[in-house]
Amino acid sequence: MESGWASDGRLIGITQPRRVAVVTLANRVAEEKMCVLGAEVGYCVRFDDVSSDKTKVKYVTDGILLREMMVDPLLTKYSILMIDEAHERSINTDMVLGLLRKIVTIRKDLRVIISSATLDAELFRDFFELNETTDPENDTSTIISVEGRMHPVTVFYTKNPVPNYVTTTVDTIIQLHKAEPSGDILAFLPGQDDVDFVCDRLQETVKSLRGLKYKLWIVPLYGALPAREQLKAFDSAVHDTRKVVVATNIAEASVTIPGIAYVIDCGFVKMRALNQENKIECLMTVPISQASAEQRAGRAGRIRPGKCYRLYPSSEFEKMIAGTVPEMQRTALAPMILQLKALGIQNVLRFHYLARPSVAAMIQGLELLIALKGVDEETGLLTNPLGTSMVDVPLPPMHAKTLISSGEFGCSVEIATIIAMMQIQDVFQMPSRNRHQAEVIKRKFAVEEGDHLTMLNVYANFVKNNCSQKWCSRNFLNYRGLNRARNIREQLIRHLKRLKIPLVSCQGLIGESAKIRRCIVNGFFSQAAFYDHTGKYHTIKENYPFNMYKGSVIMYRKDYPKWVVYTEVMQDSIRDISVIEPEWLYELAPQYYEYGTEGEIARKRKKVDNFDEKDKININ
């Protein structure tokens, strides 16, 4: 900017894979430029735009940049684009790189900087090398190495594997607090539930600590937290206080938390991946890569010499894969295909991928979009208005279809609330000390038809009680998560208005519950399952067995429902479940069950104990 690259009114854009990195970096640069955030320096993330006509340097998530490409395919308002943290290989980053490869052949004035901590810089250079000649003067890309300055970090391993990395993390934090001199602590855990458990356990333990030099200030950090809560991790602790940041891999890269001298690494991460056996995408807890382990250790050496405590033996580190598998090669591809088609890339198989996805995953993604009626089976183009509307809504395809069709089912207000609530990982909090009391209160909110209507009930009572934090505490509800759901709901309502979908409520009407559940089936029909005599739920398409998630309110029923639809998969269990009627599947998605699945349903129904003959006729 100081060299004049933004003097002609064009922007300098910087992408980050995570929203917390976008916000913190924009804040930092705005401070250095001594300007108000949103003036010369601004940012834009999903559901939050802090930029203006005066903005010259704009931080965005790579998903936001993809959305900007739909309006401005050549990104004419940018003079320089910097793609940061490219080594993380998120699916959006890989899509951005593939599209930029096309754009730079047309826009010779656009400069693209790919910033990465990886050693495989040649991969990115060769991807952008557009000339077939070996003449170096005609090269369109080059590698610039910038030496990083790091303080030394001493790494410690355990002698043997730990039996429980969550409780070991708590014990390690307390030991460090007692034995080590000043310096903040950063602990890495796989997921939000682990983070909340450790924070609760530390709060309880701190009360019994006496005579120590420092107090403990415990701060959680994960993606589902509201932006204001996330930024607390970057505040400095007051005098005589040690800050403990308990985080997911959100703190692994892109961000620098000031004051960190000690890092605790559990060695695991939660990531979405396609199960190769059942072809279903689920949230899995898996070992991290060696590159991620080095990134985590590096958080302790930013401002002073530090220490990293790895809760696994050095032999386990040697077994870890060198780098994280690109998201493009391990996740469901329907959202990516939808985005590419919206950007005019009709032949998605011939698109330039930095890491080519499997043909099977591409076919599976395309089949789902055709079944959702977002893509026309004959032409392969986006359908109008449904397909184009699905792209406009910042949600995965099945969520978007459910929201867009909610007007037809007469329950758009309720569906907007449910989808907003689905963005919270855990609505109910189960502290170890008051677990029984929390379970009793949870039963009061539980709705017999399943988790989605329970979410709706919780939100309605939250609003009825003036969004009170005290009320949430008394009822063991996630106050921060409910506030985030309220903000997302407002955004979804605005999208419904923009798409001219009628805002209607079915509250108090006959068949209220059925309307909402039918609408959910209309979007998530591919994720239906039946109760098997083995005590597990089997998916209809793949006949794959799943346990029911232990936190589902279905557990409170005397008998398990025969047919359900689920909207989330956690390793070996399904969660966010609603009870359905089997005939709804054939009625709402006949095309999906015409591909041979219909006959499978008939065979699988024989496994269901005490099923009704009338239901068998209806489903077939």
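**Exercise 1. Decide whether Thr417 is buried or exposed, and describe its surroundings.**

Solution. Thr417 has a relative accessibility of 5%, so this residue counts as buried; buried means under 20% relative accessible area, exposed over 50%, and partly exposed in between, with a 1.4 Å probe and protein chains only. The model is predicted: local features need pLDDT of at least 70, side-chain atom pairs count only at pLDDT 80 or more, and totals for chains, interfaces and linings use all residues. Residues are numbered from 1 along each chain as its sequence is written, and side-chain values use heavy atoms, with hydrogens and water left out.

Next, locate the residue: Thr417 sits in helix α14, residues 412-422. Helices (H or I, at least four residues) and strands (E, at least two) are DSSP runs, numbered from the N terminus.

Then list its neighbours. Leaving out residues up to four places away in sequence, Thr417 touches Leu456, Tyr459 and Arg489; a contact means heavy atoms within 4.5 Å.

Last, take a distance. Thr417 and Thr567 are 150 residues apart along the chain, and their C-alpha atoms are separated by 15 Å.

**Exercise 2. State how many residues of helix α10 are buried, and what they pack against.**

Solution. Helix α10 covers residues 334-342, and seven of its nine residues are buried, which leaves the helix mostly covered. The buried residues are Ala334, Met336, Ile337, Leu338, Gln339, Leu340 and Lys341. They pack against α2 (62-71), α3, α11, α12 and α13 (397-405). Just after α10, Gly344 takes a positive phi of about 90°.

**Exercise 3. Describe the aromatic pair of Phe156 and Tyr309, then that of Tyr531 and Tyr560.**

Solution. A pair of aromatic rings is described by the distance of the centres and the angle of the planes. Rings of Phe, Tyr and Trp (its six-membered ring) pair if their centres lie within 6.5 Å; planes under 30 degrees apart count as stacked, over 60 as edge-to-face, and the rest as tilted. The structure holds 15 aromatic pairs.

For Phe156 and Tyr309, the centres are 5.0 Å apart and the angle between the planes is 15°, a stacked pair. Phe156 belongs to strand β7 (residues 153-157) and Tyr309 to strand β14 (residues 306-310), so the pair ties together parts that are 153 residues apart in sequence. Phe156 is partly exposed at 34% relative accessible area, whereas Tyr309 is buried at 16%.

For Tyr531 and Tyr560, the ring centres are 5.4 Å apart and the planes stand at 75°, so this pair is edge-to-face. Tyr531 is in strand β15 (residues 528-531) and Tyr560 in the loop between β17 (545-548) and β18 (563-570); the two are 29 residues apart, and the pair links distant parts of the chain. Tyr531 is partly exposed at 25%, and Tyr560 is partly exposed at 27%.

To finish, note a cluster: Tyr157, Tyr312 and Phe317 form one aromatic cluster.

**Exercise 4. Find where Arg89, Lys500 and Pro385 lie, and give the backbone feature of each.**

Solution. Start with Arg89, which lies in the loop between β5 (78-83) and α3 (91-106). Its phi is near 55°, a positive value in a residue other than glycine. Arg89 counts as buried, at 9% relative accessibility.

Continue with Lys500, found in the loop between α18 (479-498) and α19 (512-524). Here phi is near 60°, again positive in a residue other than glycine. Lys500 counts as exposed, at 75% relative accessibility.

Pro385 is in the loop between α11 (359-371) and α12 (386-392). A cis peptide bond joins Asn384 to Pro385, with omega about 15°.

**Exercise 5. Compare the radius of gyration of the chain with the globule rule, and summarise the chain.**

Solution. The radius is taken over C-alpha atoms, and the rule is 2.2 Å times the number of residues to the power 0.38. For 620 residues, a compact globule would have a radius near 25 Å; the chain has 25 Å, which agrees. The C-alpha trace spans about 70 × 70 × 50 Å along its principal axes.

The chain contains 22 helices and 19 strands, and 53% of its 620 residues count as buried. Of the contacts between residues at least 6 apart in sequence, 70% join residues at least 24 apart.
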